[in-house]
Amino acid sequence: MSEPPANGGPTVLPGHPGSMPYVGIATFLKLPVTTLASLSELDFAILGIPYDEGTSNRPGARFGPRAIRDASTLYSYEGGVELFDVELGRAILVGARVADFGDVPIDPSDSDSARAAMTGAVRAILEAGATPVCLGGDHSVTASILQAFAGGPVPKPYLVHLDTHMDFDSYLPRHAHGTPIRLAVEGELVTGVTQVGIRGLNSGLADWEEARSLGVNVITCSRFRDEGIAAVLETIPAGAPLYLSIDIDVFDPSAAPGTGTPEPGGLSYVEGRELIRAVAAHGRVQGIDLVEVSPQYDHAQLTSTLAARLLLDTMDAAWSQGTRGR
Ligand SMILES: [Mn+2]
């Protein structure tokens, strides 16, 4: 065992070159922690939002950010200094400056202050010129994130929403996790919406018809299988600023069981990844969230590992296309 250093500091720093995945502090990818003062040096800021008080049935997504961070250390050999993607034949995120901005402070049962804190943290990232990458938390957090874009330094985004559910529910409380898309549309927080992967038995007919009447492009999972990525891209204005909201339950429960409202018949990891790459190349990604990872329903870290990998893919898709930028 090594001796502690004379200054009393840690013997292993997060992101220390050569350290193993299980060694060190489990920030996202074991990257350095950033503070408000150094946000402006970043291209991407990881933000945890450990909030699940919008959950309608099985809670637990408050533990999602920590589970995703833990799973992400799988990819942090050598401190994550190089992520060579064998299938792409190149390293990903080359030159991107990424750090972990920690978690939004959450006071349980004080949802108004929690939502304000979410909006404030995302606004700080946007004003610093970085792209927010938000780890949920349940899907209600997306409404508070999009609120940060309103009147901010980034143009109003077009929302691309991957989910089993439309999240356009009228029967749930206003700030529940089944309502963020309704709030985004009603609040005119986005220029338009495309939803992909919608399926299952939860979306009411009236909400379905209302969403479509308000211009929401709904691409069901079966239609996506039939018509592919092209059907998605033709709904999204080319070159538009985009916000990507990924509900982990868009994936099939066999690939991502650890979520509160699983639904059979979902996407595979590769289907989701290729869709996101195509969407990112079609527009300009200005913000990302990945929500509804609920680790107590997970097995073998399947869901949190998929989430961590997909976030790296998604950030690289935005970065490598040169589509990030204002
Ligand atoms: Mn959702």
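Which residue just after α3 takes a positive phi? The views below start there and then move around the model, which is a predicted one.

**View 1. Helix α3 and the turn that follows.** Gly151, just after α3, takes a positive phi of about 75 degrees. The helix before it is mostly covered, with 8 of its 9 residues buried. Those buried residues are Val141, Thr142, Ala143, Ser144, Ile145, Leu146, Ala148 and Phe149. Look next at Ala150, in the loop between α3 and β6. Ala150 counts as partly exposed because its relative accessibility is 36%, which lies between the 20% and 50% cut-offs. Setting aside residues up to four places away in sequence, Ala150 touches Arg123 and Leu189. For a sense of scale, the C-alpha atoms of Ala150 and Ser38 are 23 Å apart in space, and the two residues are 112 apart in sequence.

**View 2. A cis peptide bond ahead of α3.** Gly136 and Gly137 are joined by a cis peptide bond, with omega at about 15 degrees. Gly137 sits in the loop between β5 (131–136) and α3 (141–149).

**View 3. The manganese ion and its donors.** Which protein atoms serve as donors of the manganese ion? They are ND1 of His139 and the OD atoms of Asp163, Asp167 and Asp247, at 2.1 to 2.3 Å from the ion. Along the chain, these donors follow the spacing H-x23-D-x3-D-x79-D. Asp163 and Asp247 link distant parts of the chain, being 84 residues apart: Asp163 belongs to the loop between β6 (158–162) and α4, and Asp247 to strand β9 (residues 241–247). Are these two aspartates buried or exposed? Both Asp163 and Asp247 are buried.

**View 4. The second largest pocket.** Here the subject is an opening with a volume of about 230 Å³. How many residues line the second largest pocket? Its lining has 16 residues, and Ser56, His165, Asp169, His177 and Thr261 are the ones that lie nearest its centre. By type, the lining divides into 9 polar, 5 charged and 2 nonpolar residues.

**View 5. Arg115, a buried arginine in a helix.** Follow helix α2 (residues 111–127) to find Arg115. Is this arginine buried or exposed? Arg115 counts as buried because its relative accessibility is 16%, and the cut-off for buried is under 20%. Leaving out neighbours within four places in sequence, Arg115 is in contact with Tyr51, Ser144 and His175. One of these partners, Ser144, is also among the buried residues of α3, so this view ties back to the opening one.

**View 6. Two residues with positive phi that are not glycines.** Leu29 has a positive phi of about 55 degrees, and Glu188 has one of about 50 degrees. Leu29 is placed in the segment before β1 (44–49), whereas Glu188 lies in the loop between α4 (180–186) and β7 (193–198). Their surroundings are worth a look too. Leu29 is buried, with a relative accessible area of 4%, while Glu188 counts as exposed at 56% relative accessibility.

**View 7. Helix α9 and Ser304.** How far apart are the end C-alpha atoms of α9? They are 26 Å apart, which agrees with the 27 Å that the 19 residues of this helix (residues 302–320) should span at 1.5 Å a residue. The helix is mostly covered, since 15 of its 19 residues are buried. One residue to pick out in α9 is Ser304, which is buried with a relative accessible area of 2%. Beyond its neighbours within four places in sequence, Ser304 is in contact with Ala67, Ile68, Ala71, Val293 and Asp298. Ser304 and Gly258 are 46 residues apart in sequence, yet their C-alpha atoms are 7.8 Å apart in space.

**View 8. Helix α8 from end to end.** The 14 residues of α8 (residues 269–282) should span 20 Å at 1.5 Å a residue, and the end C-alpha atoms are indeed 20 Å apart. Which residues of α8 are buried? They are Tyr269, Gly272, Arg273, Leu275, Ile276, Arg277, Ala278, Val279 and Ala280.

Definitions and conventions
Residues are numbered from 1 along each chain as its sequence is written. This is a predicted model: local features need pLDDT of at least 70, side-chain atom pairs count only at pLDDT 80 or more; totals for chains, interfaces and linings use all residues. Side-chain values use heavy atoms; hydrogens and water are left out. On a 1 Å grid over the protein atoms alone, a cavity is a set of points where a 1.4 Å probe fits but cannot get out, and a pocket is an open set with protein on both sides within 12 Å along at least five of seven lines; lining residues have an atom within 4 Å of a point. Grid points are joined across faces, edges and corners, and a volume is the space filled by probe spheres set on the points. Ala, Val, Leu, Ile, Met, Phe, Trp, Tyr, Cys and Pro count as nonpolar, Asp, Glu, Lys and Arg as charged, and the others, Gly among them, as polar. Helices (H or I, at least four residues) and strands (E, at least two) are DSSP runs, numbered from the N terminus. Buried means under 20% relative accessible area, exposed over 50%, partly exposed in between (1.4 Å probe, protein chains only). The expected span of a helix is 1.5 Å times one less than its number of residues. Contact means heavy atoms within 4.5 Å. Donors are N, O and S atoms within 2.8 Å of the metal (3.2 Å for Na, K and Ca); water is not among the atoms, so sites may look incomplete.
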